[in-house]
Structures are given as structure tokens and as C-alpha cells.
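I opened a fresh page for this one and kept my notes in the order in which I looked things up. Come along if you like.

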Amino acid sequence: MTTMTFDNKCFEKLHKTEAWMYTNVSALAKIDFALSTTFVDEQIIHGFDVTPANSFIVLINGVFNEEASRLSDGIEINAAYELAGTIASRGDSFIPSFECDTVTITNNQEKTIHILQLVTGDCATAASGSVFIHAKEGESISVAETHVCLGDSGHLFMPLTEIMAEKNSNVTLVRAIRGSNTAYQLGQLHVCQLDSSEVQTHTITLASKVSRNEVSAYLDGEHIESNFDGMYMLGQDQQVDNHLRIEHNYPNCNSREFYKGILDGNAKSVFTGRIYVKEGATDTDAKQTNQNILLSDDANAIARPQLEIYNDEVACTHGATTGEIDEEAKLYLRSRGIPADAAEALLMYAFLNESLDHLADDGFRKTLTDELLSAMPGGDFIRTL
Amino acid sequence: MEEDKNMANDTKKRSEEIKRLADMPDAGTLLSSSNTAAEDTQLLKETFNEKYKWGFVTDIEADSAPPGLDESTIAFISAKKEEPQWLLDWRLKAYKHWLTMEEPNWPHLTYNKPNYDEIIFYSAPKSLTDGPKSLDEVDPALLETYKKLGIPLAEHAALAGVAVDAVFDSVSVGTTYQDKLAEIGIIFCPMSEAVREHPELVKKYLGTVVPYSDNYYATLNSAVFTDGSFVYIPKGVKCPMDLSTYFRINAKSSGQFERTLIIAEEGASVSYLEGCTAPMRDENQLHAAVVELITLDNASIKYSTVQNWYPGDENGVGGIYNFVTKRGKCQGKSSRITWTQVETGSAVTWKYPSCILLGDDSVGEFYSVALTNNYQQADTGTKMIHIGKNTRSTIVSKGISAGHGQNIYRGLVKIQKGAENARNYTQCDSMLMGDECGAHTFPYIEVKNSSAKAEHEASTSKIGEDQLFYCNQRGISTEDAINMIVNGFCKEVFRELPMEFAVEARRLLEVSLEASVG
Amino acid sequence: MTTPLLEIKNLHANVEGHDILKGVNLTVHLGEVHSIMGPNGSGKSTLACVLAGHEAYEVTEGEIYFMGQDLLELDADHRACAGIFLAFQYPVEIPGVSTKFFLKAAVNAMRKYRGEEELDAMDFLDLVEEKAASVKLNTDLLDRGVNEGFSGGEKKRAEIFQMAMLDPKLCVLDETDSGLDIDALRIVSDGVNKLRSSERGFVVITHYQRLLDHIVPDFVHVLIDGKIVKSGGKELALELEEKGYVAFENCDTGCCCG
């Protein structure tokens, strides 16, 4: 096993910066994280392998597991890929990165490639894992990542994904955070797009104690379509921090940020979506939306939908709403004879399921829907429908 | 008994809460961009056809403190004002705290930090050293200045029905209508006079909304504040006229640090207007004011500002640094505080008039128009802190950027756990003119109550070619059409202003926008 | 012969490099109503925009005279002041600018141009009420922003109302009938007919003949591919209705004129 070190002291004062002001991870500075890989039972891996007909890549504590994986053309492990790391280096993320295996995905990949990243260990373990997706001109790639911390030892997972979408290419990425509710997940996603490319990403947070999902996108061409959406259903002391920055550098691009979630217990959601429109990036159309429903008086929703605009030929809008379940809709359902609890569950499901509706892959979607229903109050009722 | 104790605890908790909430985020938003070097020189030349017409310097002898700040300067100011010991102590406490603080970096602004060693912290027109007894004793040159500013100070005041307190550099030079207002129990006077005549009120309320330790500029103000207005509206009294203050920085190298305190007792109401100008100078001058508003049960205060400090020249040289802390506390039930501001001046503006909605059913409102042209920068917005039940707040912000101007809306809406059924509606609209300016929106929305609703909407627009053509086709010139469309854009804010202020605001916008498009 | 109200000679115009008008000739005298009909894309709306002085349209050849004055020398607002009114096909919304305020600015800009005294508020409001009644326009609409949140029919009625307010010499109606139901069409047409006089000329641009049942033209011109291919009396509109534009596509000016 390679020994790796990273300086977890960097977490100590992170919350004093504007970018982290609502997410305090200083506790991580005090933990002595193990940095090793261990054995994971085949059955556990099998349980996460929801699309057996598709390529499947397993990383355990950032280390590729060949036995459990099914590779296909265009998938390589630790290939010396020049571009890897170059998109991430354009950003200014405070999340440390350290040595781990890198999965590179190229060629046309119409069938969704499933990447399972597990973090496990008897004591608190820190791991990283890296994915580089490169769609060349006209290519189309679909990837689904599942990030799982196993057990309740309070692991720290810092995954890094980069997407390079060249001319006329199309990339779809789903990232689902599942598993332990004691883990810290600090993830980065960096996207670079060229002319007429399309990228859709879906970030679904259903687990972890603190989950920070950073997205930086660089729209380096014209006529680009970028869609970033996210969904979360959290309770107890869980926290999610979706932190986005979309950079419009050229004219005629459209971007959408659409994040919504439900918070129960003491859960907290932070959304920061910054749209940056450079001088000369005319005819930019950018929208960002964050919607929250609070189920408890101890839940907390924070939204920072930010616009930074240096150009007058733009249409940028942002919206943020926080509130309860729509009383009128509830009343309407009840007037049709549906009991209050059921009406609430239905409305919550409708609110969140919109995000899952966009997912193409059935096996994957089914699993996530199932997971959502388990996390959602009244989910069992929905199952009976 | 038990109940009383609980209540006392509650109150204590609340006041601690307020203290905690008072701070804007203290971490830094890094500047990600500055103005481009590429300059449309022709546009610039045209843009400043209309020079800052309020930029005259009044030639009068001033009685000043030496530049720089130490404890002796503060003692000097305090002595000049014949202040009681408790106030001097308070000032010194603030000063000591200020020395431990750092100038904030988080605003989206680029400027050279003021050199506090070179600022004159106290400057009084010499002829006033002994204090004017009446308007007749005021230096005629001063009165001439006010005339140029169009302030209805003397007889004009009666006609206009506006009571004016004018603050010139550091001292208040005359308060009109004082006697008439006193008949119904209203106190309207310079802060220094209030310290002497109504120390119990000043002591009771000063620093209760903006504590001396609040933020860098407010703390500095607490140490060195020179004058300002004091207003006290007794129980049940509706102030029969608009009260007004006109601020002007005149002396070279001087800073202005006025402090205003307005208290509306139960069921009282008042509308207060504030206007500002400064002469043209090629150096940057500092204005770090503090305004505190307090409303008790069913009281209301409407505070309107038209800010026209010198914005600097077309190359961004000179101009006022306007670093102001304004905050109101709706302490009583069903009380209301409304901030309306039209910001067209200053080189750099840093200002967030805020409301702490403590009383149940209280209402906070913020209506703002901010215009930045040439190299002006404004980082402005509000904070609405919902603590009481059924509290409501409305934020309407209209930012207009032209030339190389940078216009930032920054606003915090915080709904606390106990703020059942709190409601906030925020609307931020930006209008850009040209492609070298910037319009930015940085809202912070924090909701901790499930029955609360916060809504935020933002839009960015420009004046459409088709709108201009439509106006032209109806015989309206392009310039008039631009003014008309900009006015329409700002309408929701202008209608909150008292009539004569709305007229002035429109005119200021027109002057500030002259030739910035087309 | 008196000076024509409008005289267009061999007008060529393009937009974004595309030639749209390719030699239009048209003469309108005071008191006349001319209808210009043509299929989509024939250049009807371009002609309206060029007359009103839209900067996106470039005149590459030809001349336009308005009451003997070279129109091409004037900016859009001066053309309006000179007496050209364009009723837009799609009137733009100007949020926050109240219609009354807007119209007062327009009325007074024109009065000033003509060297007349500006209207005071009282006289202006009297005028508003009188003219609004003539097109059955709800005056509540006038307190809203210009065209802000108006329905399609309200927008068109507001255009005719503005026309009545501004008392132009030449009215250009650009597909005023589009999007109107039969009742609204009647109200708008009645409004226009009331404005017909020997002191005014009209250019009515339309795709369909039905508007001309209500506003009966003195002359009808068929515009196809940037040229007027046929001119005639009001019966030409009926012929068009019957035969369709296809029948006229291959004829040049004059060839099938009886």
C-alpha cells in the first residue's frame, strides 16, 4: 500500500472564509485519519451493483479493485493522461487532494458506466478517488457514480471528478451520495466545455453527516448547454453544502442550476450558486434556482444565489424559495379524500422526484428512488401506490 | 415570579442574539475582477459633460483637530463638545476595540484603504466654535453654501414645511423649527446638544442598536463621532412634518463621522430625510456615519436618503468613501421601519441599512436605487433579521451600472427559529448600460423556521433597442427615452420617497446618467 | 398637383445584409387610404419600419419624401414629430413607465417640435378621456406601464388610442388586425375610421382581406418579394382573397393591371 499524507490542519479555519462560512468542518482537523485500504465483502459490493449489464468500476479507499470491476473500451486506470488535473487546477478549491487511483473514461459511452467508490475501515479513514471523463468531438458519454462510506467510523471522502467536453459532445453524470450518516464527503466536480457541447450533472445527496459538493464549470465556447441539478433529502444533524460556480466566458451559452431538497430534524442545507458572466459573453442565458421545504423548526436552509455580471447583453435570473409544503395543494388533495399524511408524502415525493425523473438509467434510478423513499417521511405509503 | 424570570431570560437571550446577528459575514469575498484597461475614451468624455455641480468649496476658517487619531484626539473632541465622562469613556472603549480590528475585505470593492493618520477627525467652521445661538449668528458664507445646496434652512424652511438640521463637516449649524416641534414634545436637535440637554435619553439608547464593537467603521465612529441629529418622538405623537438633515463635507482632508439617533415611542411616527453633498477634491475623503433607529409598540420611522457625495472624476480620481452603518430595531409590537435610499454619489459605497424585527408583527422595508457611473463602486443592500412572530420584510433593490461602474447588491435575510410565520420578499433588479460595467447580486438567505417563507427574485436587464425605437416613434428623443425607462425601472422605490425628495432623486439620476448611452 | 403626403421612389432596403425591399414605389396623398397586402416575408413590415426610421434597416437605394421633405435625413423621433405614426404589430412593453406619463411626453415633444405650447395636465387629461372613449379603451389601463401586461387586443386598441392622441398626418398600421377577434377588430376599425379625414393619409398593412371589410381602402397594392407587383382599387383585395398570392407571384409591376 502506498503511504499518503495530507494535512488535515487545513480544515481548522476553513469556515472563516466566505466560501465555507456556513459549513464548519474544523472537527476534521482534530481527527487522526487512517490512510489505508482494506478488504470489502463481495456481497456488499454486489449489493451496489444495480446495473449488472453495464461496465462497473470499483474503487475502495481510492484504490482500484480489479476483481469486482468490469471494464470496457475507453476505460483505463491510472493512464498517464495529460489533461487530468488541468481543469481542477483552474479553480481555487480548499479541499485537499492526495494520491489515489484515477479512472479515465473516453470514447462513446452510450451505456451508462457505473463507478462505485467505497470508503471503509475500522477507524476513521480518509480517502480520495479521481475520475476523468473526456468526450472528444461528437462523442457522448454517460457515467453514474455512487459514493458510499461504510460503517459509522466517521470516514472522510474527497472525490474528484473532471469532465472535458469538446465540440458537439454530450456528457451526463450522476453522482449519488449514499451510505453512512457519520461520514464527511467533500467532493469536487470540475467541468470544461467547448463549442456546442452539452453537459448534464445530477448530484443526489441522501446520506453523510456533512456533504460538500463543489461544482466549477468553465464554458469555453459558444452555444453550450450546461445543466447542473441537485436533490437532497436530509434529517437528523445532516448537512449538505452545494457550492457552484458557472463561468460564462463566451457568447450564446445557456446554463441552469436547479437544486431542491427537503430538510427534516436538525438538517441544514447551504446553496451557493454563482453565475459569472465575463465581458463579451453576450446573449448569456443563465438561471439558478434553489427550493427548500422545511419539515421541522430545527431545520435550516441557507441560499446564496449569486450573480456576477460584466456585460449588458444577458438574461440572468435567480430564485430561491424556502417554505412549507404548499397548503393549497395539500387542501386540494384532501378535498379528493386523501388523508393529510398521505397528501404530504405525495407532495414531497412529487417535489423531489422531479430531479430523479431526468435520470435515464432505470436500474440506477430505481435504486435511488428506493433510497429516497426510505429516507422520506411517508415513503412507505408511496411504495404502496 | 417564575414567569418574570423566564421573560428576563428571554430578553437577555434575545439581546445576545441581536449582538451576534449584528455582524455581517466577516470573511472575504475575493475580488475576481477589476475594470478593464480598455477605455472608450469618447464615451467617458461625453459622460462627464455635466460636472458635479455641488462641488464648490466654502471658504471659511475652520477650527480643527490635528490629523491622525489617538486618545488625545478623542479627548479633544469630547472636550470641545463638553461631554460627560461616561460618553468619553464609551468613546475610549470603542477606540481601544477599534485598534484590535481589521478593515473588512469581504466587500466586492477595490480601493486604497484610507490612511487614518492623515485624516482630520474634527473640523468645525471657526465662527461656530462657541455655537450659534440662532440662525442669525450663523456665518453668512455658510448660509450661502446651504443656499447653493438648495436647503430650505431659514425662511425657506417654513415654506417647504421641512425642519432641517444641517451638519457641516463636524458640527451641526442650525436646526430649524426646533421650538415649534418642542411644543408637542418632539426633540429635534444636534446630537451634541442632545448629549447636554437630554443625557438620560442619549445614555439609554446610544449604541443599543449599533453597539460600539459592531464593525470597523461603526467602531471608529463610536470613538470619534462629532455630531449628527437626535430625534425623539414621544408616545402617541405623529410628527406633523418631515424632519431633515443635510450633510456636507467641506474641509480638506477631513472625515465626517456623524451619528444619528431616532427614537419613536409607542404609537409615534416620523418621516426623516437625509441629503448629502461634498466638494470636488482629488483626494478621497471618508464618511463613516452611524444611524440608529428605535421603534416601540405601533411606532413607525421612515428614513429616506438621497446620497450625492462627490463621486470622483471621470477617471476615478477623488470622491467620498461612504462607509455607513445604518440599523433600525423594531423593538415594539407592530412597529415599522422603512429605509428608502437613492445612492448616486460617492466613489465607494459600503452600506447596509438594516432592520432587526424583534417585536411580533413588526415590519421592515428596504427600497433602494443605486447608480454607479464612471469608476464608482457600490456594495450596498440590507439585513432583515426576523426574530418576532409574524414579522414581515420587503426588499426592493434597483441597481444601475454605467461606464465602468460596479454595482453590488448584498443582502441578508435571516429568519430565526422563533419567527413563526415570518415572511420575506426580495426583489433585486439590475440594469446595465454598456459592456464595461458590472452588476452583481449576492443574497444570503437563512431560514430556520418551517412556517416562514422567504422568496427571492432577481433579474438583469438593459434598455432594449426596441423600447428606444418605440419611444422614438412616438416623438420622444433617445435621451428622454432613457431617462423615462430608467425612471420606470426605479418606480417602486421612488414612490416610497416624499414628493420633493422623489423629484430631486429623478433629477440626480438624469444628471448622473447624462450621455452614458447612445 | 399638390405635393404628395408620402412619396416613395425605387426604395431598396436591407436588414443584416439581406435585401428585403427591392424597388418599392408608392405615392400617398392626403385623404387617401392605401392598403399594402402581401404574403409573409414579402417586406410589408420592413416597409413600415423603414418609414418610421428603425436603425436596423438600411436604405441602400431610393428616396422617400414626406410632405416634400427628405424623410431619410430625419431620425426616428423627428419623423414622429413630423407626423408619421406607426401602429406596431407587436407593441413593446416598457415596465414602470406609466402610459399617461409616456403619452404626455410624446404629445408635448410633438407640440414643441411644431412650436406650440405644451399641454398642461388638465387639458391633457381631457384629451385622454375623449380619445380613450373613441376606441372604448378602459382608462385604468393608462395608469399601468406602457403596454405592460396588456392583452393582445388591449395592445392594439392602445396603439389606435395613441394614434388618436398624437393626431398624425400619416398613419402606418402594421398588421393591426393580427391576433384580434371579430369584436376587437370592429372596435379598432371604428377607431381608425373616425380618424379618416382629408387632412390625413393611411397606409394599412395587412395579410388578410378581412380588415379591409372594415377599413375600406381607396387603393390596394400587392407586395411580393420586396416589390409592388400590382396596384388597384378595393376590388383587388377581393381578387386576392379568391385567387391567393400565388396567382400574383410571377407578374411584375403593371403586367396584370387592367
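**Entry 1: a helix pair in chain B**

Before starting, I wrote down the rule for handedness: a crossing is left-handed if the near helix is turned anticlockwise from the far one by less than a right angle, and right-handed if clockwise. I also reminded myself that this is a predicted model.

I then looked up helix α4 (residues 85-99) and helix α10 (residues 216-224) of chain B, whose axes come within 7 Å and cross at roughly 145°. By the rule above, the crossing of α4(B) and α10(B) is left-handed. On the α4(B) side I listed Arg91(B), Ala94(B), Tyr95(B), His97(B) and Trp98(B) as making the contact. From α10(B) come Thr219(B), Leu220(B), Ser222(B) and Ala223(B). Sorted by class, the residues of this contact are five nonpolar, three polar and one charged.

**Entry 2: Leu69(B)**

Staying in chain B, I went to Leu69(B), which sits in the loop between β1 (62-64) and α3 (71-80). Is Leu69(B) buried or exposed? I found 22 C-beta neighbours inside 10 Å, and the cut-off for buried is 20 or more, so Leu69(B) counts as buried. Leaving out residues up to four places away in sequence, I noted that Leu69(B) touches Tyr116(B), Phe121(B) and Val224(B). I also checked Leu69(B) against Ser213(B): they are 144 residues apart in sequence and 18 Å apart in space, C-alpha to C-alpha.

**Entry 3: the sheet in chain C**

Next I traced an open sheet of six strands in chain C, in the order β6-β9-β10-β3-β11-β12, with mixed pairing. Which strands stand at the edges? They are β6 (84-87) and β12 (227-232) of chain C; each has a single partner strand, so one side of each is left without a neighbour in the sheet. I noted an average twist of 20° from one strand to the next.

At the β12(C) edge I looked at the pairing itself. Strand β11 (residues 219-224) of chain C runs antiparallel to β12(C), and five bridges join them. Within that pair, Ile224(C) stands opposite Lys227(C).

**Entry 4: two domains in chain A**

I moved to chain A, which is divided into domain 1 (8-324) and domain 2 (325-385). Their C-alpha centres lie 25 Å apart. The contact between them takes 19 residues from domain 1 and 17 residues from domain 2. On the domain 1 side, β9 (170-179), β11 (198-205), β13 (225-234) and β15 (254-263) of chain A each supply at least two residues. I counted that side by class as 11 nonpolar, three polar and five charged.

**Entry 5: where the chains touch**

For chains A and B, I have 37 residues of chain B in contact with 35 residues of chain A. Which element gives the largest share of the chain B side? It is β23(B), with 10 residues. Both β23 (438-447) and β24 (453-461) of chain B give two or more residues to this side, which divides into 13 nonpolar, 15 polar and nine charged.

I followed β23(B) across the interface: six bridges join it to strand β18 (residues 300-309) of chain A, and the two run antiparallel. There, Ala303(A) stands opposite Ile445(B).

Last, I checked chain B against chain C, where the contact takes 17 residues from chain B and 24 residues from chain C. The chain B elements giving two or more residues are α11 (465-473) and α12 (478-494). By class, I noted six nonpolar, seven polar and four charged residues on that side of chain B.

Methods:
Residues are numbered from 1 along each chain as its sequence is written. Chains are lettered from A and ligands numbered from 1 in the order in which they are written. This is a predicted model: local features need pLDDT of at least 70, side-chain atom pairs count only at pLDDT 80 or more; totals for chains, interfaces and linings use all residues. Axes are lines fitted to C-alpha atoms, for helices over the stretch in contact, and angles run from 0 to 180 degrees between N-to-C directions. Helices (H or I, at least four residues) and strands (E, at least two) are DSSP runs, numbered from the N terminus. Two residues are in contact if their C-beta atoms, placed from the backbone, lie within 7 Å. Ala, Val, Leu, Ile, Met, Phe, Trp, Tyr, Cys and Pro count as nonpolar, Asp, Glu, Lys and Arg as charged, and the others, Gly among them, as polar. Two strands pair if DSSP finds at least two bridges between them. Domain bounds come from an automatic or database domain assignment. A residue is buried if 20 or more other C-beta atoms lie within 10 Å of its own, exposed if 12 or fewer, and partly exposed in between; C-beta atoms are placed from the backbone.
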